[in-house]
Amino acid sequence: HLETAKNVQEAVALAGNLGIPQQNLVCADDQGQIAWTIAGFIPQREGWDGRLPETWAHGNHRWDGYRDPRDQPRVVNPEEGRVWTANNRVAAGRDLQIIGDGGYGLGARARQIRDHLRQLDNPVEGDMLAVQLDDRALYLAEWRELALEVLARHPAEADSSRGVFQRIVRDQWSGRAEPSSVSYGLVRDFSWRCVGEVYDLLAAGVSRKFDGFRPWSFPHRPAVTWEVLTQRPPHLLPPRYADYDALLLDQIDEVMERYSLGGQPVEQATWGRRHVVKVQHPFVQLLPWLSRWLAAPPMALPGDSFMPRVQGTRSGASQRLVVSPGREEQGIFHMPGGQSGHPLSPYFLAGHEDWAQGRPSPLLPGPTEHELILKPVNPR
């Protein structure tokens with residue numbers, strides 16, 4: 001039914017009846033209408049709001065069927081003419097109470113997408129692909145400034161580890177998660193060490209009480225840590241530090257010590273050396289010799305978490321699609337590994353290189369080169 005919807009209103013009306021796990025649904029039609037809503041049934045909770053895990057053992061917390069699909073949160077034709085979503089929190093107030101908190105990602109990537117979209121008027125397909133390929137490290141820029149500020153307050157010898165960190169981060173910062181960058185990895189590691197040091201102290205009481213508690217799974221950790229480090233409340237300073245400057249400097253020292261363990265100069269520790277992307281069939285992990293047939297060549301790619309070009313070593317953009325209704329001939333489609341899935345096919349991995357390099361590749365198929373005809377077999 002969704003395939004045959006004629007406009008945004010019909011698609012949004014169908015969303016709450018789709019038999020899938022709840023997902024963001026963003027849609028557009030050839031009349032210029034756009035919308036966001038939730039696809040899939042949303043449970044009607046009784047006795048709790050869905051924000052925290054609750055036991056059903058006592059009978060006062062439960063599901064009582066599903067909410068009326070017409071009650072789904074939705075945004076249709078917003079005044080600014082744009083909608084966006086990137087695993088972030090997408091609702092507030094009553095809508096958030098309806099959705100609940102099943103966990104959502106940090107809002108840095110969504111903010112970067114939003115701001116990029118706001119700069120575009122009448123974009124074409126290439127402009128929208130550029131939004132998805134944006135590897136600017138805007139989220140880490142403030143962490144870089146934090147590190148440089150504390151180093152400026154505590155000058156170090158130029159050839160010391162702190163001096164090397166300062167020089168690379170200050171003079172070689174490109175502002176992007178690109179394979180050739182050393183400064184990106186240094187700032188990234190500094191930020192995560194700060195988060196671990198500060199937030200683990202905040203969660204220490206819970207960790208002691210609940211053996212299986214893992215604070216790293218909470219998406220708000222970086223934001224809470226940033227607030228602590230900028231407001232500097234004395235009672236939240238880990239006791240082994242004299243002040244917050246000492247805490248920050250210690251994280252820089254730890255980062256540089258880790259980089260020195262490999263024996264190579266820090267200047268050679270590029271993001272590309274440690275961010276090698278492997279696209280492979282799960283069988284390759286058990287039988288590495290199958291990589292000849294079931295894996296793409298490993299490659300260093302730009303991107304990381306917290307930016308539109310989200311890219312990990314074993315995860316990333318499962319596809320990129322840019323298409324405007326009625327302009328399918330200009331549409332762009334990217335898929336890691338290509339569409340064939342058959343290691344003996346001449347088209348195995350076809351399209352993978354376009355995904356990796358960010359080159360536009362067409363959504364629609366080209367001229368037919370082969371045909372496969374399926375004929376019914378007479379039963380015996």
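# Close-up views of a predicted model

Trp-226 is partly exposed, with a relative accessible area of 22% (buried means under 20%, exposed over 50% and partly exposed in between, using a 1.4 Å probe and protein chains only). This is a predicted model in which local features need pLDDT of at least 70 and side-chain atom pairs count only at pLDDT 80 or more, while totals for chains, interfaces and linings use all residues. Residues are numbered from 1 along each chain as its sequence is written, and side-chain values use heavy atoms, leaving out hydrogens and water.

**View 1. The whole chain sets the scene with 14 helices and 9 strands.** Helices (H or I, at least four residues) and strands (E, at least two) are DSSP runs, numbered from the N terminus. The C-alpha trace spans about 80 × 60 × 55 Å along its principal axes. Of the 380 residues in the chain, 38% are buried. Take the contacts (heavy atoms within 4.5 Å) between residues at least 6 apart in sequence: 59% of them join residues at least 24 apart.

**View 2. Trp-143 meets Trp-226 as one of the aromatic pairs.** Searching the whole structure turns up 10 aromatic pairs (rings of Phe, Tyr and Trp, the last by its six-membered ring, with centres within 6.5 Å; planes under 30 degrees apart are stacked, over 60 edge-to-face, the rest tilted). Here Trp-143 and Trp-226 sit edge-to-face, with 5.0 Å from centre to centre and 65° between the planes. The pair ties together distant parts of the chain, since Trp-143 belongs to helix H5 (residues 138–153) and Trp-226 to helix H9 (residues 221–231), 83 residues apart. Trp-143 is buried at a relative accessible area of 1%, whereas Trp-226 is partly exposed at 22%.

**View 3. Trp-289 and Trp-293 make another edge-to-face pair.** Their ring centres are 6.4 Å apart, and the planes stand at 85°. Trp-289 counts as exposed, with 58% relative accessibility. Its partner Trp-293 counts as partly exposed at 33%.

**View 4. Strands E1 and E2 form a hairpin.** E1 covers residues 23–28 and E2 covers 34–39. The two strands run antiparallel and are joined by 6 bridges (strands pair if DSSP finds at least two bridges between them). One bridge to look for has Asn-24 partnered with Ile-38 in E2. The strands have 5 residues between them, and Gly-32 in the turn shows a positive phi of about 85°.

**View 5. Asp-29 lies in the loop between E1 and E2.** Which side chain of opposite charge is nearest to this buried residue? That is Lys-6, 12 Å away, and Asp-29 has no salt bridge (a side-chain nitrogen of Lys or Arg within 4 Å of a carboxyl oxygen of Asp or Glu; Lys and Arg count as positive, Asp and Glu as negative, with His and the chain ends not counted). The side chain of Asp-29 does reach the backbone nitrogen of Val-8 at 3.0 Å. At 2.9 Å, the side chains of Asp-29 and Gln-33 make a polar contact (N or O atoms within 3.5 Å; within protein, one able to donate a hydrogen and the other to accept it, and sequence-adjacent residues count only if both atoms are side-chain atoms). Setting aside neighbours within four places in sequence, Asp-29 is in contact with Asn-7, Val-8 and Pro-325.

**View 6. Strand E3 runs antiparallel to strand E4.** Here 3 bridges join E3 (residues 43–46) to E4 (residues 62–66). Pro-43 has Tyr-66 in E4 as its bridge partner. Pro-43 and Arg-45 make up the covered face of E3, while Gln-44 and Glu-46 make up the uncovered one. Tyr-66 also belongs to a cluster in which ring pairs link Phe-41, Trp-56, Trp-63 and Tyr-66.
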